[in-house]
Amino acid sequence: MWGEILVRFLVGGAMVSLFALLGDLFEPKSFGGLFGAAPSVAIATLALTIHTRGAAYAAVEARSMVLGAIALLVYALSISWSLHRTKRKVASAVFVALVPWLLVAAIGWRVVLGGPR
Amino acid sequence: MKVRLDTKTIKNSHWYGHVLRFVLGGAITVAAGLVAKGFGPAVAGFLLAFPAILPAALILANRLQNTQAGPGATGARGRRAAIVQASGAAMASLGMILFAVIVWQCLGRRPAWLVVGAATMAWALTAGTVWAARKRG
């Protein structure tokens, strides 16, 4: 159990750091910003899940990830809109935008995946 | 506008930024595993696209740019940097949707390494194409 957690932590951390480093390296910054929504956690998690539980189990995770990615799109657009149109601080905007992320994810879970009613 | 590699940003970055991203990345990957165990893969899947790294990246970019602007900084430079990065993340999210669709549809039918590799390529191509189209338009 603890061994698996440690492996997950190291693999996830390494993958995220790798993509973040790539984002830092690229100019212009608008291109580097693409790496802010890189599938780094997904690659790490899917690789570990496929290895331990098999492809079918990982495919179920990927199905929900489609909805999570739509929610991520809404999250990033919310921050962009908020910083453009309001005087909200960056630190505040990134946390407030979690509300639309949660809403889209919850609606997706309930409507598309038939979550708890 | 040409895309190029520039190591200057890494030299200007702080060690705690790298540590923070490593810890956040590790933590969300652990969380995805624990949630899958407790609530099943359908719930855990949402965490695969959870904005765990983006908030930290935007806050760090804002802070770095304002620090570089000097003591008279109004905060506008950092704010602009955060908007640019958030817009980039929105474009890359479209690639993330395609990544997830490919993995969902193809996993089990083709070798796993090929599916994840192709999905990653699709993410990069989509994100890059949308970015280039936006720059041109």
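A residue is called buried when its relative accessible area is under 20%, exposed when that area is over 50%, and partly exposed in between. In the predicted model described here, Arg8(A) has a relative accessibility of 7% and is therefore counted as buried. This residue belongs to helix α1 of chain A, and its surroundings serve below as one route into the interface between the two chains.

The interface as a whole is considered before its individual residues. In the predicted model, 76 residues of chain A and 73 residues of chain B are in contact with each other. The size of an interface is often given as the accessible area lost when the parts come together. For chain B and chain A, the buried area is about 6500 Å², and carbon and sulfur atoms contribute 78% of this value. Polar links were also counted: 13 residue pairs, with both members at pLDDT 80 or more, are in polar contact between chain B and chain A. Seven elements of chain B, namely β1 (4-5), α1 (8-12), α2 (15-39), α3 (41-47), α4 (54-69), α5 (76-106) and α6 (112-136), each provide at least two residues of the side that touches chain A. The greatest contribution to this side comes from α5(B), with 21 residues. Sorted by class, the side of chain B that touches chain A comprises 49 nonpolar, 17 polar and seven charged residues.

Strand pairing also connects the chains. Strand β1 of chain A, formed by residues 26-27, is joined to β1(B) by two bridges, and the two strands run antiparallel. Within this pairing, Leu5(B) is the bridge partner of Phe26(A).

Salt bridges were then examined. Over all chains, the search of the whole structure finds three salt bridges, and two salt bridges are counted between chain B and chain A. One of the salt bridges is formed by the side chains of Arg21(B) and Asp24(A), with an N to O distance of 2.7 Å. This pair joins two chains, because Arg21(B) lies in helix α2 of chain B and Asp24(A) in helix α1 of chain A. Arg21(B) is buried, with a relative accessibility of 10%. Asp24(A), at 14% relative accessibility, is likewise counted as buried.

A further group of charged residues is centred on the text's starting point, Arg8(A). Glu4(A), Arg8(A) and Lys37(B) are linked in a network of salt bridges. Within chain A, the side chains of Arg8(A) and Glu4(A) meet in a salt bridge with an N to O distance of 3.6 Å. Both residues lie in helix α1 (residues 2-25) of chain A, where four residues, or about one turn of the helix, separate them. The side chain of Glu4(A) also meets that of Lys37(B) in a salt bridge, at 3.2 Å from N to O. Since Glu4(A) is located in helix α1 of chain A and Lys37(B) in helix α2 of chain B, the pair joins two chains. Glu4(A) is partly exposed, with a relative accessible area of 34%, and Lys37(B) is also partly exposed, at 43%. Arg8(A), by contrast, is buried at 7% relative accessibility.

The contacts of Arg8(A) extend to both chains. With residues up to four places away in sequence left out, Arg8(A) touches Thr45(A), Leu48(A) and Thr49(A), together with Gly26(B), Thr29(B), Val30(B) and Gly33(B). In addition, the side chain of Arg8(A) reaches the backbone oxygen of Thr29(B) at a distance of 3.3 Å.

Thr45(A), one of the residues touched by Arg8(A), is placed in helix α3 (residues 40-53) of chain A. Its relative accessibility is 0%, and Thr45(A) therefore counts as buried. Apart from neighbours within four places in sequence, Thr45(A) is in contact with Arg8(A) and Glu61(A), and with Thr29(B), Ala32(B) and Leu48(B). Thr29(B) thus appears among the contacts of Arg8(A) and among those of Thr45(A).

A position in another helix of chain A was also examined. Ser92(A) lies in helix α5 (residues 90-96) of chain A and, at 29% relative accessibility, counts as partly exposed. Between Ser92(A) and Val7(A), the separation is 85 residues in sequence and 33 Å in space, taken from C-alpha to C-alpha.

Terms used. Residues numbered from 1 in each chain as written. Chains lettered and ligands numbered in written order. Predicted model: local features only at pLDDT ≥ 70, side-chain atom pairs only at ≥ 80, totals over all residues. Heavy atoms only, no water. Contact = heavy atoms within 4.5 Å. Buried area = accessible area lost by both parts, 1.4 Å probe. Salt bridge = Lys/Arg side-chain N within 4 Å of Asp/Glu carboxyl O. Polar contact = N/O pair within 3.5 Å; in protein donor to acceptor, adjacent residues only side chain to side chain. Nonpolar A, V, L, I, M, F, W, Y, C, P; charged D, E, K, R; others polar. Pairing = 2+ DSSP bridges. Buried < 20%, exposed > 50% of the residue type's maximum accessible area, 1.4 Å probe, protein only.
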